[in-house]
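Open the model in your viewer and keep the selection tool at hand. Each stop below tells you what to pick next and what you will find there.

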Amino acid sequence: MQKIPVGVLGATGMVGQQYIALLADHPWFEVRYVAASPRSAGKSYAEAVAGRWQLSRGYGKGVGDLIVVDANDVQSAVAAFKKGDCAFVFSALEMSKDEIKALEEAYAAAGIPVVSNASANRWTPDVPMLIAEINPHHADIIPQQRKQRGWDKGFIVVKPNCSIQSYMTPIWALMQEGYEIKRMFVTTMQAVSGAGYPGVPSLDMIDNIVPYIGGEEEKSEQEPLKILGSIQGGAIVNAVGPIVSAHCNRVPVVDGHTACVSLEFGDKKPSIEEVRAIWSKFRALPQELKLPFAPEQPIIVREEADRPQPRKDRDADKAMAVTVGRIRPCKLFDLRFVGLSHNTVRGAAGGGILNAELLKAKGYL
């Protein structure tokens, strides 16, 4: 089939680079428009990322010759849209939240759909925050979003915080089987790539752990409630639980966010064997639709006592799977386990691409 032309906003940053690299051989999408900060505008993409490219894989054929546009110049994107070079954009913008929110809304108002990695619109009531295996039905608020904003073809969809994806799909799989989760205690060990480039100074990270990531604990405690919420009256209303208590730490790992999780169930409690079986067999809409970026097995269960580990497990199933292990009873609550996901693929650009595939399959792109 003819590929859909797409743009990447913030194309020179860490997440933007992942979008460019992951889309290099995508069967549905082709990067034809790149935008970044004013200092990169006017340069070829190859010139703009020279000395800054952080990935082992390169960018796709022809992308290096694309001229970078100022991301603030919405009308250039509109012109590209009219020429057939930009049907929608992936947003990996690195600006203040207020600036990102206003700019994403400007693109949507101009008729260009926005599939965002940024946090600025995660709490906008009519903007769905998608994990494709958990709440794909939240995309169905898009017609109401357009109507409420007076937008024609444009809309905004976001993905959630990278760290919660190391445990949200396993949690959802248990809930789908009828097990209420009342409370969760989560300790995350988050990779330095999550801070972007140049990110955390090396002297802060080498031989060290930083027990604070600004805003991360609040995101970890609140975003699951929107993901598990429901569409009511043109807005997404949060679920009432589970209650989440999070400790978020930056650790000297390049890629891969790890979470140690303890769960308290309601009256119905699964056995360890049942949990393993539920996670091993879990499949959802992206797998049914065979979306290109959907992992064949969304949750991979490791039996070894010392797994998952970031270096060994972060790239599992296109780096889009959640790997779990150390599933055992909890002396404080009921069950504990360790979850791991690739933060810049599943937790960022890959998750955004999967959301776009879902939106295409649902007819919104």
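Start with Val6: its bridge partner in strand 4 is Phe88. The model is predicted, so treat each stop as part of a prediction.

**Stop 1: the strands around Val6**

Select strand 1, residues 4-9, and strand 4, residues 88-91. The two pair in the parallel sense, over four bridges. Strands of a sheet pair through backbone hydrogen bonds, either parallel or antiparallel.

Now widen the selection to the sheet. Which order do its strands follow? The order is 3-2-1-4-5-6, in an open sheet of six strands with parallel pairing. Go to the edges next. Strand 3 (69-70) sits at one edge and strand 6 (156-158) at the other, and each pairs on one side only.

**Stop 2: helices on this sheet**

Add helix 1, residues 14-22. Helix 1 lies across strand 1, strand 2 (29-36), strand 4 and strand 5 (114-116). Its direction runs at about 160 degrees to strand 1.

Then add helix 4, residues 97-109. Helix 4 packs on the sheet and touches strand 1, strand 4, strand 5 and strand 6. The direction of helix 4 makes about 150 degrees with that of strand 5.

Stay on helix 4 and show the side chains of Lys101 and Glu105. They meet in a salt bridge, 2.9 Å from N to O. How far apart are Lys101 and Glu105 along helix 4? They are separated by about one helical turn, because they are four residues apart in that helix. The count for the model comes to 16 salt bridges.

**Stop 3: helix 1 against helix 13**

Return to helix 1 and add helix 13, residues 345-361. Their axes come within 9 Å and cross at roughly 50 degrees. Helix 1 and helix 13 are therefore oblique to each other. The crossing is right-handed.

Colour the contact residues. On helix 1, pick Val15, Gln18, Tyr19 and Leu22. On helix 13, pick Val345, Ala348, Ala349, Gly350, Gly352 and Ile353. By class, this contact has seven nonpolar residues, three polar and no charged.

**Stop 4: a second sheet**

Move to the strands ordered 10-7-11-14-13-12. They form an open sheet of six strands, with mixed pairing. Its edge strands are strand 10 (243-250) and strand 12 (299-301), each pairing on one side only. On average, neighbouring strands here are turned by 20 degrees against each other, direction ignored.

Zoom in on strand 7, residues 181-190, beside strand 10. Their pairing is parallel, over eight bridges. Pick Thr187 of this pair: its bridge partner in strand 10 is His247.

Two helices come next. Helix 8, residues 216-227, lies across strand 7 and strand 10 and runs at about 150 degrees to strand 10. Helix 9, residues 272-281, packs on the sheet too. Helix 9 touches strand 12, strand 13 (322-329) and strand 14 (335-341), and its direction makes about 170 degrees with that of strand 13.

**Stop 5: helix 6 against helix 9**

Keep helix 9 selected and add helix 6, residues 168-176. Their axes are 9 Å apart, and the helices pack at an angle of about 110 degrees. Helix 6 and helix 9 are therefore roughly perpendicular to each other.

Finish with the side chains. Show Pro170, Ala173 and Leu174 of helix 6 with Val275, Ile278 and Trp279 of helix 9. This contact counts six nonpolar residues, no polar and no charged.

Methods: Residues are numbered from 1 along each chain as its sequence is written. This is a predicted model: local features need pLDDT of at least 70, side-chain atom pairs count only at pLDDT 80 or more; totals for chains, interfaces and linings use all residues. Side-chain values use heavy atoms; hydrogens and water are left out. Axes are lines fitted to C-alpha atoms, for helices over the stretch in contact, and angles run from 0 to 180 degrees between N-to-C directions. Angles under 35 degrees count as roughly parallel, over 145 as roughly antiparallel, 65 to 115 as roughly perpendicular and the rest as oblique. A crossing is left-handed if the near helix is turned anticlockwise from the far one by less than a right angle, and right-handed if clockwise. Contact means heavy atoms within 4.5 Å. Ala, Val, Leu, Ile, Met, Phe, Trp, Tyr, Cys and Pro count as nonpolar, Asp, Glu, Lys and Arg as charged, and the others, Gly among them, as polar. Two strands pair if DSSP finds at least two bridges between them. A salt bridge is a side-chain nitrogen of Lys or Arg within 4 Å of a carboxyl oxygen of Asp or Glu.
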